[in-house]
Amino acid sequence: MTVPARRRVTVDRDDRVLLIGLDRADKRNAADHAMLSELALAYGELDRDPELRVGLVYAHGDHFTAGLDLADIGPRIGPDGVDIVPEGGINPWQVDGTSVSKPVVVAVQGTCLTLGIELILASDITIAAESTVFGQIEVSRGILPFGGATVRLPRAVGWGNAMRWMLTGDRFDAPEALRLGLVQEVVPDGTAFDRARELARRIAAQAPLAVQATLANARVAVRDGDAAAESALQPELVRLAATEDARIGMEAFLSRTDPEFVGR
C-alpha cells in the first residue's frame, strides 16, 4: 500500500483568519517544491473564500524557515526558472503579477533565511520572536534572491541597508530587523504566534471591503506611483460609501456599539 506523502503546510480556520503553518520542522522548514506548491494553494484559498479576511503565516517547530531546500529545488530550475504555482494557487511571494487581495500577517521565530525574509516583504505585518536570526544569504550559494528581495528590500529599508545584508550574506538579529523596519514588533520567544493572531483578528474585525481597498490603493502607490493611487481615491470612496458595511459602520458610530461587518 502506498503511504500518502506528509503535507508540508497546515491550513486551519480561526473564524475569519486562515492559519497557514509551515510544517517541515524536522528540516527547519526548508522549502522543497511540495511546500512551495502547498503554500501557493493556501494563498489561493485565502484569496477566493469570501468568508476569510486575513491570512496568518507561521511555522511549526523552532524555526520559521532555513530557506530553500536546494537539493530538491536545484534540479527543478529550468529555462524559465521554477514553477511553484499549481492551478488554483497564488504565488506567496507575488512576483509574477498576481497579488493576494487580503492582508497577510507573519509570525517568525528561530531561523528566518532567504525566502522567509522575502515572504515578510510580500506580506503586510510581521511579528518576530526576540531570538530570531535573519539572513538573505543567496549570494553565498551562488544565486540571487529571486522571491522579491531585490525589488522590495531596498524600498522597505533603504538602499544601503538592503545592500549591506544582501551583498554580504551576513546574518542579523531581531533588533536589527526592527530597526530596519523589516518587522513591526519584537516579542518574547514563544509569543510571536499569539501576538500575530491578535493583530490578525483585529484586522478581521474591520470592514473587509474597506481593508482590501486600503491595501490595494497602497500597493498602487508603491507600484504605479502617487498619481495613480490618488486618482483612485475618490472613486473608491464612492464605491465603499454605498456598501452595507458603510451603513453598519455609521450606525455603530452613532450608537457607540461595535460593528459586525458583513463584507457587502
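How do the axes of helix α8 (residues 208-224) and helix α9 (residues 226-241) cross, and within what distance do they come? In this predicted model, the two axes come within 8 Å and cross at roughly 165 degrees. Since angles over 145 degrees count as roughly antiparallel, that makes α8 roughly antiparallel to α9.

**Two helix pairs**

A good way to read such packing is general: two packed helices are described by the angle between their axes and the distance between the axes. With that in mind, let us stay with α8 and α9 for a moment. α8 passes α9 in a right-handed crossing. On the α8 side, the contact is made by L209, A210, A213, N217, V220, A221 and D224. Their counterparts in α9 are D226, A228, A229, A232, L233, E236, R239 and L240. Sorted by type, the residues of this contact are 10 nonpolar, one polar and four charged.

The other pair to look at is helix α4 (residues 149-157) with helix α5 (residues 159-166), whose axes come within 6 Å and cross at roughly 130 degrees. That angle makes α4 oblique to α5. The crossing of α4 and α5 is right-handed. Here A149, T150, L153, P154 and V157 of α4 meet W159, N161, A162, M163 and M166 of α5. This contact has eight nonpolar residues, two polar ones and no charged ones.

The table sets out the two pairs by their axes.

| Helix pair | Axes come within | Crossing angle |
|---|---|---|
| α8 and α9 | 8 Å | roughly 165 degrees |
| α4 and α5 | 6 Å | roughly 130 degrees |

**The six-stranded sheet**

Now to the strands. As a reminder, strands of a sheet pair through backbone hydrogen bonds, either parallel or antiparallel. One open sheet has six strands in the order β1-β2-β3-β4-β6-β9, and its pairing is mixed. At its edges stand β1 (9-14) and β9 (185-187), each of which pairs on one side only. Neighbouring strands in this sheet are turned by 20 degrees against each other on average, direction ignored.

Both senses of pairing can be followed here. Strand β4 (residues 104-108) and strand β6 (residues 125-129) pair in the parallel sense over four bridges, and the bridge partner of V108 in β6 is A128. Helix α1 (residues 33-48) packs on the sheet and touches β1, β2 (17-22), β3 (54-59) and β4. The direction of α1 makes about 175 degrees with that of β2.

Strands β1 and β2, by contrast, pair in the antiparallel sense over six bridges. One bridge to inspect on screen is that of T10, whose partner in β2 is G21. The hairpin of β1 and β2 has two residues between the strands, and D15 in this hairpin takes a positive phi near 60 degrees.

**The three-stranded sheet**

A further open sheet has three strands in the order β5-β7-β8, again with mixed pairing. β5 (111-113) and β8 (171-173) stand at the edges with a single partner strand each, so one side of each is left without a neighbour in the sheet. Neighbouring strands here are turned by 25 degrees against each other on average, direction ignored. β5 and strand β7 (residues 133-135) run parallel and are joined by three bridges. In β7, G135 is the bridge partner of L113.

**Salt bridges**

Side chains of opposite charge can pair when their charged atoms come close. With nitrogen and carboxyl oxygen within 4 Å as the cut-off, the model holds 19 salt bridges. Among them is the pair of R16 and E51, with the closest N and O atoms 2.9 Å apart. Which parts does this pair tie together? R16 lies in the loop between β1 and β2 and E51 in the loop between α1 and β3, so the salt bridge ties together parts that are 35 residues apart in sequence.

Notes
Residues numbered from 1 in each chain as written. Predicted model: local features only at pLDDT ≥ 70, side-chain atom pairs only at ≥ 80, totals over all residues. Heavy atoms only, no water. Pairing = 2+ DSSP bridges. Axes fitted to C-alpha atoms, helices over the stretch in contact; angles between N-to-C directions. Contact = heavy atoms within 4.5 Å. Parallel < 35°, antiparallel > 145°, perpendicular 65-115°, else oblique. Left-handed = near helix turned anticlockwise from the far one by under 90°. Nonpolar A, V, L, I, M, F, W, Y, C, P; charged D, E, K, R; others polar. Salt bridge = Lys/Arg side-chain N within 4 Å of Asp/Glu carboxyl O.
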